[in-house]
Amino acid sequence: MNNRNKYLLAIDQGTTSSRAILFDHQGRAVTIAQRAFQQHFPQPGWVEHDPNEIWYSQSIVVREAMEKADVTERHVACLGLANQRETTIVWDRETGFPIYNAIVWQDRRTAYFCERLKADGHADLIRRKTGLIPDAYFSATKIRWILDHVKGARQRAERGELCFGTVDTWLIWKLTRGERFLTDVTNASRTLLYNIHTGQWDDELLDLFGVPRSMMPEVRGCSEVYGETSSPALGRGIPIAGMAGDQQAALFGQLCVECGMLKTTYGTGCFMILNTGETPITSANNLLTTIAWKLGDRVTYALEGSVFVGGAAIQWLRDGLGLIPNAPASERLALSVDDNGGVYFVPALTGLGAPHWDQYARGTIVGLTRGTTAAHLARAALEGIAYQVRDVLAAMENDLNVRPRELRADGGAVANNFLMQFQADICRLPVVRPRVLETTALGAAYLAGLAVGYWKDLDDLREQWQVDQVFKPKMNDAEAARLLAGWEKAVSRALDWAE
Ligand code: ADP
């Protein structure tokens, strides 16, 4: 069968659901299957997944996506994988059984240890080697916690009996029935254990976190054949050929393949990532330095910044205030007034992320008058999302010293045209919404397809990548500057609020 007539299977293993998408040679999503799985909250601040349920839900959706298209593994050219990052799994090398649940990236149980690392002056070393900050978010302290709290785990790890993996590593292990134990540079770069300059697991960091080297998977590039599927559930013989953490996969799926190109994902939070080319840039503005991908021998770096509350601000209007029946209604309501009426909403409902990094900041609404209506609040909430993204963008521009030409957008909230237009107005940049919004899965598919020659090269991909709509700045400069000044004043009122 001609390769061009085959499909490309992308796995997008996310935080709340597992998805599988079959793409055709034009990069169109032919079938999609999705399945949510259980979130476990054993204690306040703890978040866990059952690794077997991750695997199980993922294999079911792969089957479903193939059945919907009426194809078998013979019709699949290769498989690409994108995954929730940092989430940590430790399993027995012999039996393949996890020794504890997956500790999810959101889990804060190891925050105390990170505070201690900072107090002991290790932050600089960590930043220099990994591009990250000591935070519970990343994998290393989660591995340490498992080794310290599961009976006998540390001794078993030291005897070489245990494997550590992020979700990519776990899935590839399962897909190949334990034959392949590997990860890729993007997932490795989120562990706090990987030196992003030397491209190696770092002994000094492994020591600092108390993680035996024998647990660590081999680190590979993002676009190469790692092995073949050999699982009863999924079929045999599909080359596994691409992998990346979800944000990096989305950057690739948005074809932000040149230095200075960036994408923002507008979901629950907003995730921004900027391609900085072959140089890792150390941020002077509290952004993370990370690896975008490795193609062949070439490593591309990125700067990353996250806004904690993006679309979640709209959920709060809906569920917390009962102001709107559903998220799309926020657009109609916002457009029913001419402007924000002087109202600013800083959606710091869970503190502020980059570039402010203030966990004590809280949600703040300022500028209320007798004339304020629900519509002004809805408008202020949508504008608040855009201002936060603009703040991260400004930090990125500052670090890279380059003005991006446009901002590529994806995620659930990009359906909101008001938000997209306001984003363009306040950033003074065109905002581009692509036709295929499944950019994470598309990126994984692109990486895999390039590895097996399903697509020839980046130009081949550029030919098929299509824009849905471009939002150009319409507001005049003076008005944008006036609004921004109001926002900055509002942020100053939100900072350092909680005790
Ligand atoms: P996640 O992957 O984080 O679950 P999604 O990419 O599915 O998020 O996007 C869902 C988020 O987008 C929700 O927070 C929702 O409030 C917001 N959202 C969805 N549609 C709209 C809309 N039309 N206007 C504004 N926000 C929206």
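**View 1. Strand β5 and strand β14 (residues 235–245) run parallel, joined by five bridges.** Welcome to a predicted model, in which local features need pLDDT of at least 70 and side-chain atom pairs count only at pLDDT 80 or more, while totals for chains, interfaces and linings use all residues. Residues are numbered from 1 along each chain as its sequence is written, and side-chain values use heavy atoms, with hydrogens and water left out. Helices (H or I, at least four residues) and strands (E, at least two) are DSSP runs, numbered from the N terminus. Two strands pair if DSSP finds at least two bridges between them. To find your way between β5 and β14, look for G80, which stands opposite G242 in β14. β5 also pairs with strand β1 (residues 7–13), again in the parallel sense, over seven bridges. Here Y7 is a handy marker, standing opposite V76 in β5. β5 itself covers residues 76–83, and eight of its eight residues are buried, so the strand is largely enclosed by the rest of the structure. Buried means under 20% relative accessible area, exposed means over 50%, and partly exposed lies in between (1.4 Å probe, protein chains only).

**View 2. Helix α9 (residues 246–253) is largely enclosed by the rest of the structure, because eight of its eight residues are buried.** You can follow the buried residues through D246, Q247, Q248, A249, A250, L251, F252 and G253. Just after α9 comes a detail worth a look: L255 takes a positive phi of about 50°.

**View 3. Helix α6 (residues 167–175) is mostly covered, with eight of its nine residues buried.** The buried residues are V167, D168, T169, W170, L171, I172, W173 and L175. Following α6 is R177, with a positive phi near 50°.

**View 4. R85, E86, R190, D246 and E304 are linked in a network of salt bridges.** A salt bridge is a side-chain nitrogen of Lys or Arg within 4 Å of a carboxyl oxygen of Asp or Glu, and the structure holds 35 of them. In one of these, the side chains of R85 and E86 meet at 3.9 Å, N to O. Are these two partners buried or exposed? R85 is buried, with a relative accessible area of 3%, and E86 counts as buried too, at 2% relative accessibility.

**View 5. Two further salt bridges join R109 to D107 and D459 to R462.** In the R109 and D107 pair, the closest N and O atoms are 2.8 Å apart, and both residues are buried. In the other pair, the side chains of D459 and R462 meet at 2.8 Å, N to O. D459 and R462 both lie in helix α15 (residues 458–464), three residues apart, about one turn of the helix. An α-helix has 3.6 residues a turn, so residues three or four places apart point the same way. D459 counts as partly exposed, at 47% relative accessibility, and so does R462, at 36%.

**View 6. The ligand has 13 residues around it, and T268, G311, Q315, G412 and N416 come nearest.** A residue is near a molecule or strand if one of its heavy atoms lies within 4 Å of it. Which helix gives the most to the shell around the ligand? Helix α10 (residues 311–320) does, with four residues. The shell divides into five nonpolar, eight polar and no charged residues. Ala, Val, Leu, Ile, Met, Phe, Trp, Tyr, Cys and Pro count as nonpolar, Asp, Glu, Lys and Arg as charged, and the others, Gly among them, as polar.

**View 7. Oxygen atoms of the ligand meet A312, Q315 and G412.** A polar backbone atom of A312 lies 3.5 Å from an oxygen atom of the ligand. An N or O atom in the side chain of Q315 is 2.7 Å from a ligand oxygen, and a backbone N or O atom of G412 is 2.8 Å from one. On its own the ligand has 570 Å² of accessible area, of which the protein covers 68%. Accessible areas come from the Shrake-Rupley method with a 1.4 Å probe.

**View 8. L323 is found in the loop between α10 and α11 (329–335).** At 28% relative accessibility, L323 counts as partly exposed. From L323 to D124 is 45 Å in space, C-alpha to C-alpha, and 199 residues in sequence.

Technical notes:
Polar contact = N/O pair within 3.5 Å; in protein donor to acceptor, adjacent residues only side chain to side chain.
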